[in-house]
Amino acid sequence: MSNNEIYTLTVNGRDHHVKDAWVGESLLYVLRERLAMPGAKGACEQGECGSCTVILDGKAVCSCLVLAASAAGREIATVEGLNPDGSLTDVQQAFIEEGAVQCGFCTPGLVVAVHKLLEENPSPAAVEVKEALSGNICRCTGYGRIFAAVDAVVAVRKSGSR
Amino acid sequence: MAVMTPTRLDDALEMAAGNPDAHLLSGGTDFMVEVNFNHRKPVDVISLARVDELRQWSEDRGAGTIFVGAGVVYAEMEKGPLSALLPALAEAARTVGSPQIRAAGTLGGNLGTCSPAGDGLPVLSALDAQVHLASTGGTRTVPFSAFMTGPKKNDRRPGEIITGVTIPTGDDFQGYSKVGVRNAMVISIASACLSVRDGRVRVALGSVGPVIIRATAAEEWVSSVPVVDASVALEFGERVATESRPIDDHRSTAAYRRHAVSVISRRLLERSNDR
Ligand SMILES: Cc1cc2nc3c(=O)[nH]c(=O)nc-3n(C[C@H](O)[C@H](O)[C@H](O)COP(=O)(O)OP(=O)(O)OC[C@H]3O[C@@H](n4cnc5c(N)ncnc54)[C@H](O)[C@@H]3O)c2cc1C
Ligand code: FES
Ligand code: FES
(Lines give C-alpha, C1' and ligand atoms only; values in the text may rest on other atoms or scores of the structure.)
(Ligands and ions follow the chains in the order given, each with its own letter.)
Protein backbone atom coordinates (compact mmCIF):
# COMPACT_ATOMS: atom_id res chain seq x y z
CA MET A 1 0.00 0.00 0.00
CA SER A 2 1.37 3.39 -0.91
CA ASN A 3 1.79 6.22 1.52
CA ASN A 4 1.22 8.81 -1.15
CA GLU A 5 -2.05 10.64 -0.98
CA ILE A 6 -3.85 12.52 -3.71
CA TYR A 7 -6.68 14.76 -2.63
CA THR A 8 -8.25 18.15 -3.22
CA LEU A 9 -8.50 20.90 -0.63
CA THR A 10 -10.88 23.82 -0.99
CA VAL A 11 -9.04 26.83 0.39
CA ASN A 12 -10.53 30.32 0.27
CA GLY A 13 -13.07 29.06 -2.26
CA ARG A 14 -10.50 27.60 -4.68
CA ASP A 15 -9.69 23.94 -5.25
CA HIS A 16 -6.08 22.89 -4.80
CA HIS A 17 -4.81 19.46 -5.77
CA VAL A 18 -2.34 17.86 -3.43
CA LYS A 19 -0.16 15.07 -4.80
CA ASP A 20 2.50 12.81 -3.34
CA ALA A 21 1.78 13.85 0.23
CA TRP A 22 2.50 11.66 3.24
CA VAL A 23 -0.71 10.60 4.95
CA GLY A 24 0.26 12.10 8.32
CA GLU A 25 0.78 15.67 7.07
CA SER A 26 -1.11 18.37 8.90
CA LEU A 27 -3.18 20.99 7.15
CA LEU A 28 -0.69 23.59 8.41
CA TYR A 29 2.17 21.77 6.68
CA VAL A 30 0.29 21.28 3.43
CA LEU A 31 -0.86 24.91 3.29
CA ARG A 32 2.64 26.22 3.87
CA GLU A 33 4.88 23.71 2.15
CA ARG A 34 2.75 22.38 -0.68
CA LEU A 35 0.23 25.09 -1.51
CA ALA A 36 2.45 28.16 -1.02
CA MET A 37 0.16 29.70 1.57
CA PRO A 38 2.50 30.57 4.43
CA GLY A 39 0.05 32.86 6.24
CA ALA A 40 -0.72 30.35 8.97
CA LYS A 41 2.36 30.00 11.16
CA GLY A 42 3.68 26.92 12.92
CA ALA A 43 5.24 27.31 16.34
CA CYS A 44 4.24 24.49 18.66
CA GLU A 45 2.49 21.96 16.41
CA GLN A 46 0.51 20.82 19.43
CA GLY A 47 -2.48 23.14 19.54
CA GLU A 48 -1.11 25.39 22.27
CA CYS A 49 -0.20 28.62 20.50
CA GLY A 50 -2.89 29.32 17.90
CA SER A 51 -0.47 30.83 15.37
CA CYS A 52 -1.78 28.28 12.85
CA THR A 53 -5.45 29.20 13.29
CA VAL A 54 -7.63 28.77 10.18
CA ILE A 55 -11.37 28.49 9.65
CA LEU A 56 -12.57 24.96 8.91
CA ASP A 57 -16.27 24.59 8.07
CA GLY A 58 -16.94 27.91 9.77
CA LYS A 59 -15.00 27.19 12.98
CA ALA A 60 -11.65 28.59 14.08
CA VAL A 61 -9.33 25.62 14.63
CA CYS A 62 -5.60 24.88 14.84
CA SER A 63 -4.50 23.76 11.38
CA CYS A 64 -1.58 21.86 12.95
CA LEU A 65 -4.16 19.49 14.47
CA VAL A 66 -6.08 18.87 11.26
CA LEU A 67 -4.99 15.88 9.21
CA ALA A 68 -4.78 17.54 5.80
CA ALA A 69 -6.26 14.65 3.83
CA SER A 70 -9.25 14.57 6.17
CA ALA A 71 -10.06 18.18 5.24
CA ALA A 72 -10.86 17.21 1.65
CA GLY A 73 -14.44 18.18 0.89
CA ARG A 74 -14.56 20.74 3.68
CA GLU A 75 -14.35 24.54 3.48
CA ILE A 76 -11.00 25.97 4.57
CA ALA A 77 -10.41 29.71 4.97
CA THR A 78 -6.99 31.16 5.78
CA VAL A 79 -5.67 34.60 6.62
CA GLU A 80 -4.79 35.02 2.93
CA GLY A 81 -8.47 34.85 2.02
CA LEU A 82 -9.87 37.39 4.47
CA ASN A 83 -10.02 40.09 1.81
CA PRO A 84 -10.21 38.44 -1.61
CA ASP A 85 -8.37 41.33 -3.28
CA GLY A 86 -5.47 40.98 -0.87
CA SER A 87 -5.93 44.38 0.76
CA LEU A 88 -5.81 44.71 4.55
CA THR A 89 -8.96 44.06 6.54
CA ASP A 90 -10.12 46.48 9.20
CA VAL A 91 -8.72 44.10 11.82
CA GLN A 92 -5.30 43.99 10.18
CA GLN A 93 -5.32 47.79 9.80
CA ALA A 94 -6.22 48.21 13.47
CA PHE A 95 -3.40 45.83 14.52
CA ILE A 96 -0.96 48.09 12.67
CA GLU A 97 -2.40 51.34 13.99
CA GLU A 98 -2.57 50.17 17.60
CA GLY A 99 0.95 48.69 17.53
CA ALA A 100 -0.39 45.17 18.17
CA VAL A 101 2.36 43.62 16.04
CA GLN A 102 5.91 43.19 17.23
CA CYS A 103 7.65 40.13 15.81
CA GLY A 104 4.37 39.33 14.05
CA PHE A 105 4.55 35.58 14.41
CA CYS A 106 1.28 35.33 16.32
CA THR A 107 -0.46 37.96 14.19
CA PRO A 108 -2.05 35.88 11.40
CA GLY A 109 -3.59 33.48 13.91
CA LEU A 110 -4.83 36.35 16.04
CA VAL A 111 -6.27 38.17 13.06
CA VAL A 112 -8.23 35.07 12.03
CA ALA A 113 -9.42 34.54 15.61
CA VAL A 114 -10.49 38.19 15.95
CA HIS A 115 -12.44 38.09 12.67
CA LYS A 116 -14.20 34.96 13.88
CA LEU A 117 -14.95 36.47 17.29
CA LEU A 118 -16.43 39.68 15.87
CA GLU A 119 -18.46 37.77 13.31
CA GLU A 120 -20.14 35.84 16.12
CA ASN A 121 -20.15 38.63 18.70
CA PRO A 122 -19.94 42.15 17.22
CA SER A 123 -19.54 43.89 20.60
CA PRO A 124 -17.80 41.51 22.99
CA ALA A 125 -17.16 42.38 26.63
CA ALA A 126 -13.50 42.58 27.65
CA VAL A 127 -13.67 39.17 29.29
CA GLU A 128 -15.22 37.67 26.16
CA VAL A 129 -12.34 38.99 24.07
CA LYS A 130 -9.84 37.43 26.48
CA GLU A 131 -11.70 34.15 26.44
CA ALA A 132 -11.95 34.11 22.64
CA LEU A 133 -8.23 34.79 22.24
CA SER A 134 -7.08 32.47 25.04
CA GLY A 135 -5.87 29.97 22.46
CA ASN A 136 -3.59 32.50 20.77
CA ILE A 137 -0.27 33.07 22.49
CA CYS A 138 1.72 36.26 21.94
CA ARG A 139 5.20 36.35 23.45
CA CYS A 140 5.93 39.98 22.54
CA THR A 141 3.12 42.45 23.04
CA GLY A 142 1.66 41.57 26.41
CA TYR A 143 -1.81 41.63 24.81
CA GLY A 144 -2.73 45.19 25.82
CA ARG A 145 -2.28 46.50 22.29
CA ILE A 146 -4.05 43.49 20.82
CA PHE A 147 -7.10 44.19 22.98
CA ALA A 148 -6.86 47.87 22.00
CA ALA A 149 -6.93 46.84 18.35
CA VAL A 150 -10.05 44.73 18.93
CA ASP A 151 -11.72 47.63 20.73
CA ALA A 152 -10.81 49.97 17.87
CA VAL A 153 -12.40 47.65 15.28
CA VAL A 154 -15.54 47.29 17.39
CA ALA A 155 -15.83 51.07 17.74
CA VAL A 156 -15.33 51.74 14.05
CA ARG A 157 -17.72 48.99 12.95
CA LYS A 158 -20.35 50.29 15.38
CA SER A 159 -20.06 53.83 14.07
CA GLY A 160 -20.67 52.37 10.63
CA SER A 161 -17.70 54.13 9.08
CA ARG A 162 -15.75 51.18 7.81
CA MET B 1 -6.33 4.26 0.10
CA ALA B 2 -4.82 5.61 3.28
CA VAL B 3 -7.11 8.34 4.62
CA MET B 4 -10.77 7.43 4.46
CA THR B 5 -13.46 10.08 4.94
CA PRO B 6 -16.80 8.31 5.18
CA THR B 7 -19.98 10.34 5.62
CA ARG B 8 -22.19 7.48 6.86
CA LEU B 9 -21.71 5.44 9.99
CA ASP B 10 -22.40 2.17 8.14
CA ASP B 11 -19.61 2.94 5.69
CA ALA B 12 -17.27 3.85 8.53
CA LEU B 13 -18.05 0.54 10.24
CA GLU B 14 -17.34 -1.39 7.03
CA MET B 15 -14.02 0.40 6.69
CA ALA B 16 -13.14 -0.31 10.32
CA ALA B 17 -14.05 -3.98 9.87
CA GLY B 18 -11.94 -4.29 6.74
CA ASN B 19 -9.08 -2.42 8.38
CA PRO B 20 -9.00 -3.16 12.11
CA ASP B 21 -5.56 -1.56 12.45
CA ALA B 22 -6.67 1.74 10.92
CA HIS B 23 -6.58 4.70 13.29
CA LEU B 24 -9.89 6.38 13.97
CA LEU B 25 -9.79 10.15 13.84
CA SER B 26 -12.34 12.62 15.16
CA GLY B 27 -11.20 16.16 16.03
CA GLY B 28 -7.52 15.25 15.87
CA THR B 29 -6.59 17.20 19.00
CA ASP B 30 -4.99 14.15 20.63
CA PHE B 31 -4.16 12.15 17.53
CA MET B 32 -2.36 14.87 15.56
CA VAL B 33 -0.12 15.86 18.46
CA GLU B 34 1.20 12.30 18.45
CA VAL B 35 1.63 12.33 14.67
CA ASN B 36 3.35 15.75 14.63
CA PHE B 37 5.83 14.56 17.25
CA ASN B 38 6.45 11.26 15.49
CA HIS B 39 4.97 9.21 18.29
CA ARG B 40 2.56 7.71 15.81
CA LYS B 41 3.10 6.86 12.16
CA PRO B 42 -0.36 6.33 10.77
CA VAL B 43 -0.72 4.12 7.73
CA ASP B 44 -4.49 3.98 7.40
CA VAL B 45 -6.80 6.53 8.97
CA ILE B 46 -10.59 6.58 9.09
CA SER B 47 -11.73 10.15 9.68
CA LEU B 48 -15.10 10.29 11.43
CA ALA B 49 -15.33 14.08 11.22
CA ARG B 50 -17.88 14.01 8.41
CA VAL B 51 -20.13 11.30 9.83
CA ASP B 52 -23.17 13.38 10.74
CA GLU B 53 -24.82 10.56 12.70
CA LEU B 54 -22.03 10.80 15.27
CA ARG B 55 -22.39 14.56 15.67
CA GLN B 56 -25.96 14.52 17.00
CA TRP B 57 -27.37 14.62 20.50
CA SER B 58 -30.96 14.02 21.55
CA GLU B 59 -33.11 13.93 24.64
CA ASP B 60 -35.46 11.03 25.37
CA ARG B 61 -37.92 12.54 27.85
CA GLY B 62 -39.80 9.27 28.31
CA ALA B 63 -36.69 7.32 29.24
CA GLY B 64 -35.23 10.29 31.13
CA THR B 65 -31.93 10.13 29.24
CA ILE B 66 -29.80 12.15 26.87
CA PHE B 67 -27.78 10.61 24.07
CA VAL B 68 -24.61 12.53 23.18
CA GLY B 69 -22.94 11.39 19.96
CA ALA B 70 -19.22 10.65 19.99
CA GLY B 71 -18.62 13.42 17.45
CA VAL B 72 -20.25 16.20 19.48
CA VAL B 73 -17.61 18.89 20.12
CA TYR B 74 -16.95 20.70 23.40
CA ALA B 75 -18.12 24.00 21.87
CA GLU B 76 -21.58 22.48 21.57
CA MET B 77 -21.57 21.09 25.12
CA GLU B 78 -20.43 24.31 26.78
CA LYS B 79 -23.41 26.49 25.80
CA GLY B 80 -26.88 26.32 24.35
CA PRO B 81 -29.56 23.70 25.00
CA LEU B 82 -27.20 20.81 25.74
CA SER B 83 -25.48 22.80 28.49
CA ALA B 84 -28.84 23.44 30.15
CA LEU B 85 -29.58 19.71 30.20
CA LEU B 86 -26.12 18.62 31.35
CA PRO B 87 -24.61 21.48 33.35
CA ALA B 88 -21.68 19.43 34.68
CA LEU B 89 -20.69 18.41 31.16
CA ALA B 90 -20.91 22.06 30.14
CA GLU B 91 -18.69 23.13 33.04
CA ALA B 92 -16.15 20.45 32.15
CA ALA B 93 -16.25 21.34 28.44
CA ARG B 94 -15.62 25.00 29.24
CA THR B 95 -12.31 24.09 30.90
CA VAL B 96 -10.94 22.17 27.92
CA GLY B 97 -7.97 23.76 26.12
CA SER B 98 -8.92 26.87 24.18
CA PRO B 99 -11.72 27.87 21.80
CA GLN B 100 -9.81 26.28 18.92
CA ILE B 101 -9.48 22.99 20.82
CA ARG B 102 -13.14 23.07 21.89
CA ALA B 103 -14.25 23.68 18.30
CA ALA B 104 -12.54 20.46 17.19
CA GLY B 105 -12.26 18.14 20.21
CA THR B 106 -15.01 15.59 20.80
CA LEU B 107 -16.38 13.51 23.63
CA GLY B 108 -15.65 10.37 21.59
CA GLY B 109 -12.01 11.42 21.31
CA ASN B 110 -11.84 11.99 25.08
CA LEU B 111 -13.18 8.42 25.53
CA GLY B 112 -10.87 7.06 22.84
CA THR B 113 -7.81 8.52 24.54
CA CYS B 114 -9.10 7.73 28.05
CA SER B 115 -6.54 9.83 29.89
CA PRO B 116 -7.15 10.05 33.65
CA ALA B 117 -6.97 13.83 33.07
CA GLY B 118 -9.69 13.80 30.39
CA ASP B 119 -12.19 16.41 31.53
CA GLY B 120 -15.25 14.71 30.10
CA LEU B 121 -14.60 11.47 31.93
CA PRO B 122 -15.35 12.31 35.60
CA VAL B 123 -18.67 13.67 34.35
CA LEU B 124 -19.50 10.43 32.56
CA SER B 125 -18.49 8.51 35.67
CA ALA B 126 -20.45 10.56 38.22
CA LEU B 127 -23.54 10.62 36.01
CA ASP B 128 -23.43 6.84 35.43
CA ALA B 129 -23.14 7.18 31.66
CA GLN B 130 -23.37 4.19 29.34
CA VAL B 131 -20.91 4.04 26.45
CA HIS B 132 -22.18 2.76 23.10
CA LEU B 133 -19.92 0.94 20.67
CA ALA B 134 -20.72 -0.36 17.20
CA SER B 135 -19.09 -2.68 14.69
CA THR B 136 -20.32 -4.54 11.64
CA GLY B 137 -21.07 -7.35 14.10
CA GLY B 138 -23.60 -5.27 16.03
CA THR B 139 -23.70 -2.85 18.91
CA ARG B 140 -22.90 -3.13 22.60
CA THR B 141 -23.25 -0.88 25.60
CA VAL B 142 -20.80 -0.69 28.50
CA PRO B 143 -21.10 1.37 31.69
CA PHE B 144 -18.37 4.02 31.77
CA SER B 145 -16.97 2.45 34.94
CA ALA B 146 -16.23 -0.74 32.98
CA PHE B 147 -15.20 1.05 29.78
CA MET B 148 -12.12 2.77 31.21
CA THR B 149 -9.71 0.01 32.21
CA GLY B 150 -6.48 1.95 32.87
CA PRO B 151 -4.54 5.08 32.01
CA LYS B 152 -5.14 5.52 28.26
CA LYS B 153 -6.71 2.08 28.15
CA ASN B 154 -10.28 1.18 27.40
CA ASP B 155 -12.54 -1.68 26.47
CA ARG B 156 -12.90 -0.78 22.78
CA ARG B 157 -12.23 -3.78 20.55
CA PRO B 158 -10.58 -3.69 17.11
CA GLY B 159 -13.07 -2.69 14.46
CA GLU B 160 -15.35 -0.94 16.96
CA ILE B 161 -16.35 2.71 16.81
CA ILE B 162 -17.61 4.57 19.87
CA THR B 163 -20.95 5.99 18.75
CA GLY B 164 -21.88 7.98 21.86
CA VAL B 165 -23.02 7.91 25.45
CA THR B 166 -26.37 7.83 27.20
CA ILE B 167 -26.68 9.89 30.36
CA PRO B 168 -29.65 9.86 32.75
CA THR B 169 -31.25 13.30 33.25
CA GLY B 170 -33.10 14.74 36.20
CA ASP B 171 -30.31 15.40 38.68
CA ASP B 172 -31.15 17.91 41.39
CA PHE B 173 -27.62 19.23 41.11
CA GLN B 174 -24.53 18.54 39.07
CA GLY B 175 -21.24 20.40 38.94
CA TYR B 176 -17.66 20.03 37.76
CA SER B 177 -14.51 21.54 39.23
CA LYS B 178 -10.91 21.39 38.02
CA VAL B 179 -7.60 22.52 39.45
CA GLY B 180 -4.78 23.51 37.12
CA VAL B 181 -1.96 26.02 37.05
CA ARG B 182 -4.00 28.64 35.22
CA ASN B 183 -7.40 29.31 33.72
CA ALA B 184 -6.99 28.47 30.04
CA MET B 185 -5.21 25.75 28.15
CA VAL B 186 -4.43 23.55 31.08
CA ILE B 187 -4.49 19.84 31.76
CA SER B 188 -6.05 19.11 35.13
CA ILE B 189 -4.01 18.40 38.24
CA ALA B 190 -7.15 17.23 40.00
CA SER B 191 -10.81 17.36 39.07
CA ALA B 192 -14.16 16.27 40.44
CA CYS B 193 -17.73 15.93 39.25
CA LEU B 194 -20.53 15.78 41.81
CA SER B 195 -24.18 15.06 41.24
CA VAL B 196 -27.15 14.83 43.58
CA ARG B 197 -30.36 13.01 42.75
CA ASP B 198 -33.10 12.22 45.26
CA GLY B 199 -30.72 12.83 48.13
CA ARG B 200 -28.10 10.46 46.72
CA VAL B 201 -24.67 12.04 46.16
CA ARG B 202 -22.27 10.72 43.53
CA VAL B 203 -18.74 12.00 43.12
CA ALA B 204 -16.07 11.06 40.55
CA LEU B 205 -12.43 12.14 40.54
CA GLY B 206 -10.04 12.83 37.66
CA SER B 207 -6.21 12.99 37.56
CA VAL B 208 -5.87 11.35 40.98
CA GLY B 209 -5.54 7.72 39.95
CA PRO B 210 -4.94 5.40 37.00
CA VAL B 211 -8.62 5.59 36.11
CA ILE B 212 -11.50 7.91 37.04
CA ILE B 213 -12.31 7.08 40.68
CA ARG B 214 -15.77 7.02 42.23
CA ALA B 215 -15.47 7.85 45.94
CA THR B 216 -18.19 5.38 46.82
CA ALA B 217 -17.56 5.21 50.57
CA ALA B 218 -17.77 9.00 50.89
CA GLU B 219 -20.87 8.94 48.68
CA GLU B 220 -22.57 6.43 51.00
CA TRP B 221 -21.58 8.35 54.09
CA VAL B 222 -22.74 11.78 52.96
CA SER B 223 -25.95 10.44 51.44
CA SER B 224 -26.91 9.11 54.88
CA VAL B 225 -26.20 12.38 56.71
CA PRO B 226 -29.50 14.21 57.29
CA VAL B 227 -28.23 17.80 57.18
CA VAL B 228 -25.18 18.95 55.25
CA ASP B 229 -23.48 21.79 57.10
CA ALA B 230 -19.96 23.21 56.93
CA SER B 231 -18.42 20.52 59.11
CA VAL B 232 -20.09 17.74 57.12
CA ALA B 233 -18.82 19.28 53.89
CA LEU B 234 -15.31 19.46 55.32
CA GLU B 235 -15.41 15.84 56.42
CA PHE B 236 -16.85 14.83 53.05
CA GLY B 237 -13.86 16.43 51.29
CA GLU B 238 -11.46 14.61 53.58
CA ARG B 239 -13.19 11.29 53.07
CA VAL B 240 -13.20 11.75 49.30
CA ALA B 241 -9.47 12.48 49.36
CA THR B 242 -8.72 9.21 51.18
CA GLU B 243 -10.29 7.34 48.28
CA SER B 244 -8.08 9.06 45.70
CA ARG B 245 -4.89 7.33 44.55
CA PRO B 246 -2.71 10.15 43.20
CA ILE B 247 0.93 9.97 42.16
CA ASP B 248 3.80 12.44 41.95
CA ASP B 249 4.54 13.42 38.36
CA HIS B 250 5.75 16.37 36.26
CA ARG B 251 2.44 18.19 36.76
CA SER B 252 2.05 17.98 40.52
CA THR B 253 2.62 15.98 43.69
CA ALA B 254 0.39 13.33 45.16
CA ALA B 255 0.04 15.34 48.38
CA TYR B 256 -1.15 18.46 46.56
CA ARG B 257 -3.55 16.45 44.43
CA ARG B 258 -5.06 14.84 47.52
CA HIS B 259 -5.49 18.26 49.09
CA ALA B 260 -6.95 19.77 45.92
CA VAL B 261 -9.46 16.98 45.46
CA SER B 262 -10.63 17.37 49.04
CA VAL B 263 -11.16 21.12 48.61
CA ILE B 264 -13.02 20.91 45.30
CA SER B 265 -15.22 18.05 46.53
CA ARG B 266 -16.13 20.06 49.62
CA ARG B 267 -16.94 23.12 47.53
CA LEU B 268 -19.04 21.13 45.07
CA LEU B 269 -21.05 19.69 47.95
CA GLU B 270 -21.51 23.18 49.38
CA ARG B 271 -22.63 24.42 45.98
CA SER B 272 -25.17 21.62 45.72
CA ASN B 273 -26.48 22.65 49.12
CA ASP B 274 -26.75 26.35 48.26
CA ARG B 275 -28.82 25.90 45.17
C1 LIG C 1 -3.73 22.27 23.33
C2 LIG C 1 -4.58 21.16 23.85
C3 LIG C 1 -5.27 21.31 25.04
C4 LIG C 1 -6.06 20.27 25.53
N5 LIG C 1 -6.71 20.48 26.69
C6 LIG C 1 -7.50 19.49 27.18
C7 LIG C 1 -8.20 19.68 28.39
O8 LIG C 1 -8.15 20.76 29.02
N9 LIG C 1 -8.98 18.66 28.85
C10 LIG C 1 -9.08 17.47 28.17
O11 LIG C 1 -9.80 16.58 28.61
N12 LIG C 1 -8.41 17.26 27.02
C13 LIG C 1 -7.62 18.23 26.52
N14 LIG C 1 -6.92 18.02 25.37
C15 LIG C 1 -7.00 16.70 24.74
C16 LIG C 1 -8.07 16.53 23.66
O17 LIG C 1 -8.49 17.78 23.16
C18 LIG C 1 -9.30 15.79 24.18
O19 LIG C 1 -8.95 14.54 24.70
C20 LIG C 1 -10.36 15.60 23.07
O21 LIG C 1 -11.55 15.15 23.66
C22 LIG C 1 -9.95 14.62 22.00
O23 LIG C 1 -10.99 14.57 21.04
P24 LIG C 1 -10.68 14.53 19.47
O25 LIG C 1 -12.00 14.44 18.80
O26 LIG C 1 -9.82 15.64 19.08
O27 LIG C 1 -9.90 13.15 19.40
P28 LIG C 1 -8.87 12.57 18.31
O29 LIG C 1 -7.55 13.17 18.49
O30 LIG C 1 -9.48 12.62 16.96
O31 LIG C 1 -8.85 11.05 18.80
C32 LIG C 1 -8.34 10.71 20.07
C33 LIG C 1 -8.32 9.18 20.23
O34 LIG C 1 -9.64 8.67 20.29
C35 LIG C 1 -9.88 7.76 19.25
N36 LIG C 1 -11.23 8.02 18.77
C37 LIG C 1 -11.73 9.23 18.37
N38 LIG C 1 -13.04 9.12 18.07
C39 LIG C 1 -13.37 7.83 18.26
C40 LIG C 1 -14.58 7.08 18.11
N41 LIG C 1 -15.73 7.66 17.71
N42 LIG C 1 -14.56 5.76 18.40
C43 LIG C 1 -13.41 5.16 18.82
N44 LIG C 1 -12.25 5.81 18.99
C45 LIG C 1 -12.22 7.13 18.71
C46 LIG C 1 -8.80 8.01 18.23
O47 LIG C 1 -8.49 6.85 17.49
C48 LIG C 1 -7.65 8.46 19.08
O49 LIG C 1 -6.96 7.37 19.60
C50 LIG C 1 -6.15 19.05 24.83
C51 LIG C 1 -5.47 18.90 23.62
C52 LIG C 1 -4.70 19.94 23.12
C53 LIG C 1 -3.99 19.76 21.81
S1 FES D 1 1.31 25.60 15.65
FE2 FES D 1 -0.77 25.02 15.79
S3 FES D 1 -1.32 25.75 17.73
FE4 FES D 1 0.80 26.13 17.69
S1 FES E 1 4.06 39.85 18.22
FE2 FES E 1 5.61 38.40 18.63
S3 FES E 1 4.46 36.71 19.35
FE4 FES E 1 2.97 38.23 19.18
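## A tour of salt bridges, helices and an interface

Start by selecting B:Arg197 and B:Asp171, whose side chains meet in a salt bridge with 3.0 Å from N to O. The term salt bridge here stands for a side-chain nitrogen of Lys or Arg within 4 Å of a carboxyl oxygen of Asp or Glu. Because B:Arg197 lies in strand S12 (residues 190-197) of chain B and B:Asp171 in the loop between S10 and strand S11 (173-179), the pair ties together parts that are 26 residues apart in sequence. Helices (H or I, at least four residues) and strands (E, at least two) are DSSP runs, numbered from the N terminus.

Before you go on, note that this is a predicted model, in which local features need pLDDT of at least 70 and side-chain atom pairs count only at pLDDT 80 or more, while totals for chains, interfaces and linings use all residues. Residues are numbered from 1 along each chain as its sequence is written, chains are lettered from A and ligands numbered from 1 in the order in which they are written, and side-chain values use heavy atoms, with hydrogens and water left out.

Now colour the pair by accessibility. B:Asp171 counts as buried at 17% relative accessibility, whereas B:Arg197 is partly exposed at 24%. Buried means under 20% relative accessible area, exposed over 50%, and partly exposed in between (1.4 Å probe, protein chains only).

Next, extend the selection to B:Asp128, B:Arg200, B:Arg202, B:Arg214 and B:Glu219: salt bridges that share partners join these residues with B:Asp171 and B:Arg197 into one network.

**Two positive phi values in chain B**

Stay on B:Asp128 for a moment. This residue sits in the loop between helix H8 (120-126) and S6 of chain B, and its phi is positive, about 55 degrees, although it is not a glycine. Most residues other than glycine have a negative phi. B:Asp128 is partly exposed, with a relative accessible area of 36%.

Then jump to B:Asn38, in the loop between helix H2 (31-36) and S3 of chain B. Its phi is also positive, near 60 degrees, and at 52% relative accessibility B:Asn38 counts as exposed.

**Helix H1 of chain B**

Select residues 9-18 of chain B, which form helix H1; B:Leu9, B:Ala12, B:Leu13 and B:Ala16 are buried there. Look down the axis of H1(B): the buried residues fall within an arc of 100 degrees, so they line one face of the helix. The arc is that of the directions from the helix axis to the C-beta atoms.

What do the buried residues of H1(B) pack against? Show strand S3 (45-47), strand S6 (130-135) and strand S10 (161-168) of chain B, and you have their partners. Turn the helix over to find exposed B:Glu14 and B:Gly18 on the face turned away from the buried side.

While you are here, pick B:Asp10 and B:Arg8, which form a salt bridge with closest N and O atoms 3.4 Å apart. B:Asp10 is partly exposed at 45% relative accessibility, and B:Arg8 is partly exposed as well, at 43%.

**Helix H2 of chain A**

Move to chain A and select helix H2 (residues 90-97), where A:Val91, A:Gln92, A:Ala94 and A:Phe95 are buried. These residues cover an arc of only 160 degrees around the axis, which puts them on the same side of H2(A). They pack against helix H3 (107-120) and helix H5 (144-159) of chain A. The face turned away carries the exposed residues A:Ile96 and A:Glu97. Following H2(A) is A:Gly99, with a positive phi near 70 degrees.

Also in chain A, try A:Glu25 and A:Arg34, a salt bridge with closest N and O atoms 2.7 Å apart. Is A:Glu25 buried or exposed? With a relative accessible area of 8%, A:Glu25 is buried, while A:Arg34 is partly exposed at 34%.

**Where the chains meet**

Finally, show both chains and select the contact, meaning heavy atoms within 4.5 Å. The contact takes 34 residues from chain A and 32 residues from chain B. The buried area is about 2,400 Å², with 62% from carbon and sulfur atoms; buried area is the accessible area (1.4 Å probe) that two parts lose on being put together, summed over both.

The count between the chains is one salt bridge. To see it, select B:Arg102 and A:Glu131, with closest N and O atoms 3.1 Å apart. On the chain A side, strand S4 (59-62) and helix H4 (126-132) each supply at least two residues. S4(A) gives the largest share, four residues.
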